[in-house]
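Okay, thanks for coming, everyone. I'd like to walk you through a chain that's new to most of us, so have a look at it first.

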Amino acid sequence: MTVDTSHNPGRTRTGTSLAEPLRNVRALSREMVNHFLETVVACRTLPGESLDGDVTSVTRVCLELAVSMLDGTNAPEKIRRLEHTAAQWAREGVPIDTVHRAMHEGFRLGLDLVVTNAATGYTEDGDQDLLVLRRGDYDDLVGGARIVVDILDTMTTAVSKAYVRELRSVIREHHHGVHTMTSALLAGHPTSTMARESGIEIAARYHVLALSIPPHPEEANPAVDRTVVARRKLRRVQAALAAVGDTVLSLLSVDGGTLLIPDTADLVDLDRLVATLSQAGQVPITAAVVAAAAADIPTASDQAHQLLDMVQRLRLERGLYRFDDLALEYQLTRPGPGREQLCTLLDPLDAHPELLGTLHLHISNNLNRQRTAHALHVHTNTVDYRLKRIAAITGFDPSQASGLWYLRSALVARSYRDQPDTAKPVPHR
């Protein structure tokens, strides 16, 4: 006699539930956890209390959920327990690939048991080595297979959604903590309480980097949304920065900002870091760095951004600049009669803008005649001619060390006379 199972495809033609081999949840969950230890390498790195507690518990929940669905009943409370555990794993840093691998291994074991048990019901003459399926038998197995697929879909979806949702929450909390801590350090506010609450360790000394991030070429493309391009550029820079380690504090916008890097952070190569960030952002980033004790970060930040402002005014090459590299130029920018006197040295060139532009570009190119000529689209002989005219008009020869010193100093001073000093840390957006 054939039992009608059309109302419940989770049963065989004999009326036996496909869930029968899964009902001994306690014993089967222990067997599965032992299997995870043997086959899923990442599980071996989990602490013992995690295996004995969360992993075993969630394995039981998955088995109970599978049994319920195969029996044709809903189990929302089991799904909620599964989501809760997935969220906890996300907060504790258990890799999602480990979770999925263990889940699929457990599912495979359970599926083998279900299929083997179901197949023994479709034999003739008591010979379990011979499998003969009638049309009704086939329909039963197809219906059961669909439920099995739904089980895996339900489990994977519940775990993935809860894991990602909690991970985003953790990232937001960490980002808020980093933002708050960095802002406090830059403002010179007490940070000991925030450090305890956020778990962010405050170093004794920091490298304070002022960053300038220029627009991406696509930001000038009228056919695209420049805001989206700028934000994607920033996200790439932030991702590259995150790879350095979680000890780096930052306040960044799409056009620059401030980094605080502990000077003991595994001896970070700052020049390479700036080059890496430039590569990630696909733009040439310029930076200035000043080292300081944690308590002196506000002053160091102001100084670093003033250095960066000076680098940009002088149109120097992109890269990282230290205070030692520009100490003289920095001093020349301080207000006073010396700066005012230097400003006047280049006044005779105001009537010859092509000469002033050539001088500026030539010094920015580190006196490389070929590069200056290429940038101006002229012959190197033209560059030489213009430099000689500059010497004749100003009385200072740029080919001589003493003349070059005065001309360069005058350019520094004029950049602050023509454009008031507006250097300040780039605010976070």
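Before anything else, one term: when I say a residue is buried, I mean that its relative accessible area is under 20%. Keep that in mind, and keep in mind too that this is a predicted model.

Let's start with the overview. The chain has 15 helices and five strands. Of its 429 residues, 43% are buried. If you take the contacts between residues at least 6 apart in sequence, 67% of them join residues at least 24 apart. As for the outside, the chain exposes about 22900 Å², and carbon and sulfur atoms supply 53% of that.

Now, the sheet. How are the five strands ordered? They go β2-β3-β1-β4-β5, in an open sheet with mixed pairing. At the edges you find β2, residues 249-253, and β5, residues 320-322, and each of those pairs on one side only. On average, neighbouring strands here are turned by 20° against each other, ignoring direction.

Let's zoom in on β1, which covers residues 205-212. Seven of its eight residues are buried, so this strand is largely enclosed by the rest of the structure. On one hand, β1 runs antiparallel to β4, residues 286-293, with eight bridges joining the two. You can pick out R205 there, whose bridge partner in β4 is A293. On the other hand, β1 pairs with β3, residues 256-262, also in the antiparallel sense, over seven bridges. In that pairing, look for V208, which stands opposite L260 of β3.

What about β4 and β5? Those two pair in the parallel sense, over three bridges. If you want a landmark, A288 has Y321 in β5 as its bridge partner.

Helices pack against this sheet as well. Helix α7, residues 226-242, touches β2 and β3, and its direction makes about 170° with that of β2. Then there's α9, residues 297-313, lying across β1, β3, β4 and β5 and running at about 155° to β4.

Last stop: a pair of helices. We describe two packed helices by the angle between their axes and the distance between those axes. For α12, residues 353-364, and α14, residues 380-394, the angle is about 110° and the axes are 10 Å apart. That makes α12 roughly perpendicular to α14. Who meets whom? From α12 we have E354, L355, T358, L359 and H362, and they meet V383, R386, L387, R389, I390 and I393 of α14. By type, the residues in this contact divide into six nonpolar, two polar and three charged.

Okay, that's my tour. Over to you.

How values were computed. Residues are numbered from 1 along each chain as its sequence is written. This is a predicted model: local features need pLDDT of at least 70, side-chain atom pairs count only at pLDDT 80 or more; totals for chains, interfaces and linings use all residues. Side-chain values use heavy atoms; hydrogens and water are left out. Helices (H or I, at least four residues) and strands (E, at least two) are DSSP runs, numbered from the N terminus. Buried means under 20% relative accessible area, exposed over 50%, partly exposed in between (1.4 Å probe, protein chains only). Contact means heavy atoms within 4.5 Å. Accessible areas come from the Shrake-Rupley method with a 1.4 Å probe; for residues, only the protein chains shown count as cover. Axes are lines fitted to C-alpha atoms, for helices over the stretch in contact, and angles run from 0 to 180 degrees between N-to-C directions. Angles under 35 degrees count as roughly parallel, over 145 as roughly antiparallel, 65 to 115 as roughly perpendicular and the rest as oblique. Ala, Val, Leu, Ile, Met, Phe, Trp, Tyr, Cys and Pro count as nonpolar, Asp, Glu, Lys and Arg as charged, and the others, Gly among them, as polar. Two strands pair if DSSP finds at least two bridges between them.
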